[in-house]
Amino acid sequence: MISLSYTHIASPVGSLLVAGSKAALHFLSFPTGHKAFGPAPNWQQDAASFREVKRQLDAYFSGELRQFDLPLHLSGTAFQNNVWQYLPSIPLGETRTYGQIAAFLDRPKASRAVGAANGNNPLPIILPCHRVIGASGSLTGFGGGLPAKEYLLRHEGVLE
């Protein structure tokens with residue numbers, strides 16, 4: 001198993017855990033929510049390795065950055081990777097439904113599978129799964145907790 005480096009980055013939604021290798025960012029975790037996690041015992045704390053991640057997150061939260069440009073490591077099934085690779089194409093300030101993404105991926109009956117893949121997104125915010133909502137317009141679940149999802153969508157101008 002690869003040993004990763006990690007650090008915590010302050011944000012308006014709490015202290016975000018980011019972890020990665022020298023080549024790419026692997027994980028981002030919120031401090032709360034059902035998908036929150038801490039560093040693994042073999043990870044090494046190293047804030048210097050994440051200067052560019054911090055710069056881009058700070059720029060995003062200050063409204064200066066619309067799309068992230070970071071090397072990412074995605075480790076999922078082919079379907080999960082397809083969903084995760086689709087997420088950055090959702091423009092800031094817009095949302096898509098699980099069904100719309102399923103249809104785009106030529107799997108029109110796979111909206112639940114899209115939801116499951118979205119729920120396992122290892123890099124929320126960077127891969128903006130918060131922009132995916134239920135068919136009724138409801139916010140539905142979010143690994144960082146619904147208050148974080150609501151904050152992100154308000155920040156991006158989707159919610160008033």
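Here is a walk through this predicted model, from its sheet to a pair of crossing helices and then to two pockets.

Let's start with the sheet. It is open, has four strands, and runs in the order S3-S2-S1-S4 with mixed pairing. As a reminder, strands of a sheet pair through backbone hydrogen bonds, either parallel or antiparallel. Look at S1 (residues 5-9) and S2 (residues 16-20): these two run antiparallel and are joined by five bridges. If you want a spot to anchor your view, find Ser5, which stands opposite Gly20 in S2. Now move out to the edges, where you'll meet S3 and S4 (44-45). Each of these has a single partner strand, so one side of each is left without a neighbour in the sheet.

What packs on the sheet? That would be H1, which touches S1, S2 and S3. The direction of H1 makes about 145° with that of S2.

Next, turn to the helices H2 (residues 78-86) and H4. Their axes come within 9 Å and cross at roughly 75°. Angles of 65 to 115 degrees count as roughly perpendicular, and H2 and H4 therefore fall into that class. On the H2 side, the contact is made by Phe79, Gln80, Val83 and Trp84, while H4 brings Ala113, Val114, Ala117 and Asn118. Sort those residues by class and you get six nonpolar, two polar and no charged ones.

Asn118 is also a good way into the largest pocket, since it turns up again there. Along with Lys35, Gly119, Asn121 and Gly143, Asn118 lies nearest the centre of that pocket, which is lined by 24 residues. Two elements give two or more residues to this lining: strand S3 (25-29), which we met at the sheet edge, and helix H4 (111-119). The space inside the largest pocket comes to about 330 Å³. As for the character of its walls, 10 of the lining residues are nonpolar, 12 are polar and two are charged.

The second largest pocket has a volume of about 230 Å³. There are 15 residues in its lining, and Ser21, Lys22, Ala24, Ser49 and Phe50 are the closest to its centre. Which helix gives the most to this lining? It's H1 (residues 51-61), with three residues, and H1 is the helix that packs on the sheet. By class, the lining of the second largest pocket holds seven nonpolar, five polar and three charged residues.

Definitions and conventions: Residues numbered from 1 in each chain as written. Predicted model: local features only at pLDDT ≥ 70, side-chain atom pairs only at ≥ 80, totals over all residues. Heavy atoms only, no water. 1 Å grid on protein atoms, 1.4 Å probe; cavity = no way out; pocket = protein on both sides within 12 Å on 5 of 7 lines; lining within 4 Å. Points joined across faces, edges and corners; volume = space filled by probe spheres on them. Nonpolar A, V, L, I, M, F, W, Y, C, P; charged D, E, K, R; others polar. Axes fitted to C-alpha atoms, helices over the stretch in contact; angles between N-to-C directions. Parallel < 35°, antiparallel > 145°, perpendicular 65-115°, else oblique. Contact = heavy atoms within 4.5 Å. Pairing = 2+ DSSP bridges.
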